[in-house]
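Me: I am new to this structure and would like a close look at a single part of it, with enough of the surroundings to see how that part fits in. Please take your time and keep the explanation connected.

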Amino acid sequence: MKGNATPSGKALGAGAVAVVALGLGIAVILGGLPAHPVRFDGIEDLPLPGGADLGSHPYTVTAELDDVLSLVPQSAVKVDDVAVGRVSAIELAPGAGTWTARVTLRINGDVRLPAGAGARLEQSSLLGEKYIQLVAPPKDDGSRLTEGSVIPLARTSRNTEVEEVFGALSLLLNGGGVNQLKTITRELNAALGGREPEVRSMLDRVNTLVTTLDAHRADITRALDGLNRLSATLAGRKKDVDTVLTGLAPGLKTLENQRGSLLTMLRALDTLSGVAVSTIDAGKKDMVADLKALAPTLTALADAGADLPESLQALLTYPFTDEVLKGVKGDYLNTYLHLTAAPGTEVTPPLIPRDELPPPSPTPTTEPEPEPEPGAEGAARSRGTALPLPPVTTVPSGRTTAPKDGGDPR
C-alpha cells in the first residue's frame, strides 16, 4: 500500500494565499473598528433593511402606551403610512406601581410634527409587523415636537389585535347565542308572517317619527338644556327642597288620616252633581223661556245706553243733583223763596211795627170762610185761586225783614 503523499507545491501555494488573505481581512477589520468597544446587545440592534432614513440630525420623542403588543426596537415610525423614523428603545416607565410602557422614537430632523400629535400602535397587515403611527391633533396651535418631547398616555392608543377578534368570535361561536339564531329567525317569521302590510305601516310611522324628531333636534336640545338648568337649580337648593318636603309630611299625614272624610265628600259631590244635572235637565225648558222673556228688557236696557246711568245719578241725588250742588258755596246752602200775594189779599200780621201802628178803626165784620175740604187746595190751584199764606216769622227785635229786591217778607 502507498503511504501518505506529501502535499504538492500547488496546494501549498493555495494555502499560503488563503492565509495571507485571512490576515489582510483581519487587519482591515481591526483597522476599521474604533478604539473604544461598541455595544452590541443582539440582532435587534441592527437596522432593518428598507427602514426610514433618520438623516444627519434626528431628534428623540418619548411616547407612553398601555400595552406595546409585541412591538420591538427598530420598528418603523410612520406618519400617514410614510416611514419617518424608528423605535430605538422600549422600557417600563419609571415609578413605583407603574404599568406603562415607554417607547423612545427617533424621528428624522427634517420632519416637523405638531406638539399635540398622538401615537397609535398599529399593524401593517393581518400577520405583518407592528409599528407606531403618529396621528395629527384635532387643532394645530403652531408648536412642534422637539428633542425630549413626550406624548402622554392620554394621546396614545392601539388597534384591536387579531387574537382579540378571534377570541371574541370563538366565544360567540362556542358559548354565545349563535345556536339560538335559528330559534329567533323562526319566531320572527311566525310573528311577522301574514302581517307584512301592518309591519310596513309601522315602519313608515317610525320613519315619520324619526324624521320629525330629527327636524326638532334644536327644540329637543333646548328642552334638555332647560331640564339641565332646572336640575342644577334644584341641586343648588337642595336644603330648600328638603325643608319643603319635610313640611309637607304633616299635611300628607293629615290627608291620610282624613281619607275617609275626603272619600265621603267626593261621594256627596258626585250625588250633588247628579241631582244638579237632573234639576237642570228638568227645568231646561223653563230656563230657556225665562231667558227669552228677559230678552226685551235687556234689549231696552241696552238701547238706553248712557241715559240710564245719568238717570240713576239724578235719582240717587234728588232733590240736590250734581247741577244744584255746583251752586253750593262752602258748608251752607242759600235758598231764596219769593212769594207774591194775589191782588186783594191781606197780609197778616202787618209789616209795620206795633209801636208805630195807628189806633185801630172799626171794620165791618165778615163771615169766616169755611175750611177747605180735602182736595180743595188742589181744586183752588187748578182754578187759579190764591191760597192763604203762612204767618210771617217775627225777628227778636220786633220787626219783620223784607227782601232787598222788593219781594215778600221772609
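Where does L69 lie?

Reply: L69 lies in the loop between strand 1 and strand 2, the latter covering residues 76-79. The model is a predicted one, and it may help to describe the chain as a whole before returning to that loop. The chain has 11 helices and eight strands, and buried residues make up 13% of its 410 residues. Its exposed surface comes to about 32900 Å², of which carbon and sulfur atoms supply 62%. Among contacts between residues at least 6 apart in sequence, 63% join residues at least 24 apart.

Confidence should be kept in mind from the start. The mean pLDDT of the chain is 77, and 65% of its residues reach 70 or more. Over residues 30-36, however, the pLDDT is below 50, and this stretch has zero contacts in the model beyond near neighbours in sequence. Residues 374-387 also stay under 50, and for them the model has five contacts beyond four places in sequence. Where pLDDT is low, the predicted coordinates should not be read in detail.

Now to the loop itself. L69 has a positive phi of about 50° although it is not a glycine, and the loop between strand 1 and strand 2 also holds Q74, another residue other than glycine with a positive phi, in this case near 70°. Most residues other than glycine have a negative phi. Both residues are covered: L69 counts as buried because its relative accessibility of 14% is under the 20% cut-off, and Q74, with a relative accessible area of 13%, is buried for the same reason.

From Q74 one can step into the strands, since Q74 is among the residues in contact with R86, which lies in strand 3. Leaving aside neighbours within four places in sequence, R86 also touches A52, L54, S75, V77, T104, L105 and R106. The C-alpha atoms of R86 and I107 are separated by 6.7 Å, although the two residues are 21 apart along the chain.

Two of the residues just named, L105 and I107, belong to the largest nonpolar core, which has 22 residues; together with I132 and L134, they have the most contacts inside it. Strand 1 (59-65), strand 3, strand 4, strand 5 (118-123) and strand 6 (130-135) each give two or more residues to this core. L105 shows how one residue can reach several parts of the chain, for beyond four places in sequence it is in contact with Y59, T60, V61, A63, V77, R86, V87, S88, I132 and L134.

Two other loop residues help to fill in the surroundings. T100 has its place in the loop between strand 3 (82-92) and strand 4 (101-107), and it counts as buried, because its relative accessibility is 14%. Its contacts, leaving aside neighbours within four places in sequence, are E64, L65, E91, L92, A93 and L153. H57, by comparison, is in the loop between helix 1 (9-32) and strand 1, and it counts as partly exposed, at 45% relative accessibility. H57 touches G109 and D110, not counting residues up to four places away in sequence, and its C-alpha is 5.3 Å from that of G109, even though 52 residues separate the two in sequence.

Some of the helices complete the wider setting. Helix 3 (residues 181-192) reaches 16 Å from its first C-alpha to its last, close to the 16 Å expected, and it is followed by G194, whose phi is positive, near 80°. Helix 6 (residues 238-257) reaches 29 Å, close to the 28 Å expected, with a kink of about 30° at A249, shortly before the proline P250. Helix 6 is hardly covered, as the count of buried residues among its 20 residues is zero. Helix 8 (residues 284-304) has end C-alpha atoms 30 Å apart, which agrees with the 30 Å that its 21 residues should span. Helix 8 also bends by about 35° at A295, with a proline, P296, following within four residues, and after the helix comes G305, whose phi is positive, near 60°.

Terms used
Residues are numbered from 1 along each chain as its sequence is written. This is a predicted model: local features need pLDDT of at least 70, side-chain atom pairs count only at pLDDT 80 or more; totals for chains, interfaces and linings use all residues. Side-chain values use heavy atoms; hydrogens and water are left out. Buried means under 20% relative accessible area, exposed over 50%, partly exposed in between (1.4 Å probe, protein chains only). Contact means heavy atoms within 4.5 Å. A nonpolar core is a set of buried Ala, Val, Leu, Ile, Met, Phe, Trp, Tyr and Cys residues joined through side-chain atoms within 4.5 Å. The expected span of a helix is 1.5 Å times one less than its number of residues. Accessible areas come from the Shrake-Rupley method with a 1.4 Å probe; for residues, only the protein chains shown count as cover. pLDDT is the predictor's confidence in each residue, from 0 to 100. The bend at a residue is the angle between axes fitted to the seven residues ending there and the seven starting there.
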